[in-house]
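Grab your viewer and work through these exercises. Each one has a task, then a worked solution.

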Amino acid sequence: RHAAGGAMGNTCGCETRVLVGQGQELEVKEKAPRSPMLELEEKRAPLKLQDNALVADAAEPSPANTSAAEDNALDADAAEPSPASTSAAEVLSSPEGSPTASPEGFQARMFDGLVGSGLVPMPVPGKLARHPSSERVTLDEYAARHDDEFKRILALEQPDGWEFKREEQDVRVFTKHVRGVPHMYFKAVTEVHVERGLAHLLSVLLNPEGRTEWDDMCESGRTVQYFPPFYKVSHFRMRSPFAAISPRELVLEGRFRFEEDGGLIISIRSIEHVEVPECSEYVRAKISEGGYIIRPKAESSHVFTITWTGCVDPSGWLPTRITNLAASKQGMTLAKVKSFL
């Protein structure tokens, strides 16, 4: 959910419409600058890129809609270039919409590549004050501040301690116990083919409002707050698989970090939020830690290995046997995503 209630590869120069989170749909006609993500794709399968420009049609055009870098292929006789050329990550970094300093880090360039591939982040301010850690910083600085959080997710990707449970619909499911943690961890791994690339994959995974389209256990999903490219808060209500068990709800905060191989880590954890008070009809479940690890396959720019892992506390009065059974089934949401894509 987010956000991570937050879903990247159209390189043909054609028109793309993508809606992420809540907000107005934007029409994007663009030719992305050469990003590290495109360079990774070219190493696997050389592509001939065409020059085009980013045009964002909105009710009130703003300098915040400028491209990530100046077009080096401008004709010598062209009009004088604009003095303000900013990246998408740079523009979104400031609470006032004004650029921050030093936007040209690895994280910012990769994010610009996603925007250039068709991902359109739609901010949702909400009522709660924005996290100070996301104000007036670059995306690279923000990712560094949450390095420990991302390292914990990467540690769950390793094979140590995991017990194989089953394989179903090409999804391999594992579980393990961690000392001092009462609830079982789960991990699910699969490969997906996404013809429209990473941008499209993230537009599905990170769109809470769209989860009901592919997850039959999801009753509703909504974006509570979204401050791209930093973090998203989402609220989900899930149906109960059994009549005797109350339905659950979750309030999740998600953030991401790009990896050098072109992959992405999405960290997800439960939080309390003033805009989402507990409801007596639902039990508030919690994810203590977890998330997605998405890695591109070396031989293809459209095939990705996805790992979905974490630890869920279903809360309420449930026997340990039931909670452990639920842990092994958590990973099968990947099968639903795969079928939808």
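A charge sits over a ring if NZ of Lys or CZ of Arg is within 6 Å of the ring centre and within 35 degrees of the ring normal. Keep in mind that this is a predicted model.

**Exercise 1.** Find which charged end sits over the ring of Phe174, and which over the ring of Phe236.

*Solution.* Start with Phe174: the charged end of Lys187 sits over this ring, 5.5 Å from its centre. Now go to Phe236, where the charged end of Arg211 sits over the ring, 5.5 Å from the centre.

**Exercise 2.** Classify the ring pair Phe111 and Phe256, then place both residues in the chain.

*Solution.* Step one is geometry: planes under 30 degrees apart count as stacked. The ring centres are 6.2 Å apart and the planes are at 15°, so this pair is stacked. Step two is location: Phe111 belongs to helix α3 and Phe256 to strand β9, 145 residues apart. Both Phe111 and Phe256 are buried, and together with Phe258 they form one aromatic cluster.

**Exercise 3.** Do the same for Tyr292 and Trp308.

*Solution.* Here the centres are 4.6 Å apart with the planes at 20°, so the rings are stacked. Tyr292 is in strand β12 and Trp308 in strand β13, so the pair ties together parts 16 residues apart in sequence. Both Tyr292 and Trp308 are buried.

**Exercise 4.** Work out how strands β4 and β5 are joined.

*Solution.* The two strands run antiparallel, with five bridges between them. One to look up is Glu167, whose bridge partner in β5 is Arg172. Then check the turn: the hairpin has two residues between its strands, and Gln169 there has a positive phi of about 55°.

Key:
Residues are numbered from 1 along each chain as its sequence is written. This is a predicted model: local features need pLDDT of at least 70, side-chain atom pairs count only at pLDDT 80 or more; totals for chains, interfaces and linings use all residues. Side-chain values use heavy atoms; hydrogens and water are left out. Two strands pair if DSSP finds at least two bridges between them. Helices (H or I, at least four residues) and strands (E, at least two) are DSSP runs, numbered from the N terminus. Rings of Phe, Tyr and Trp (its six-membered ring) pair if their centres lie within 6.5 Å; planes under 30 degrees apart count as stacked, over 60 as edge-to-face and the rest as tilted. Buried means under 20% relative accessible area, exposed over 50%, partly exposed in between (1.4 Å probe, protein chains only).
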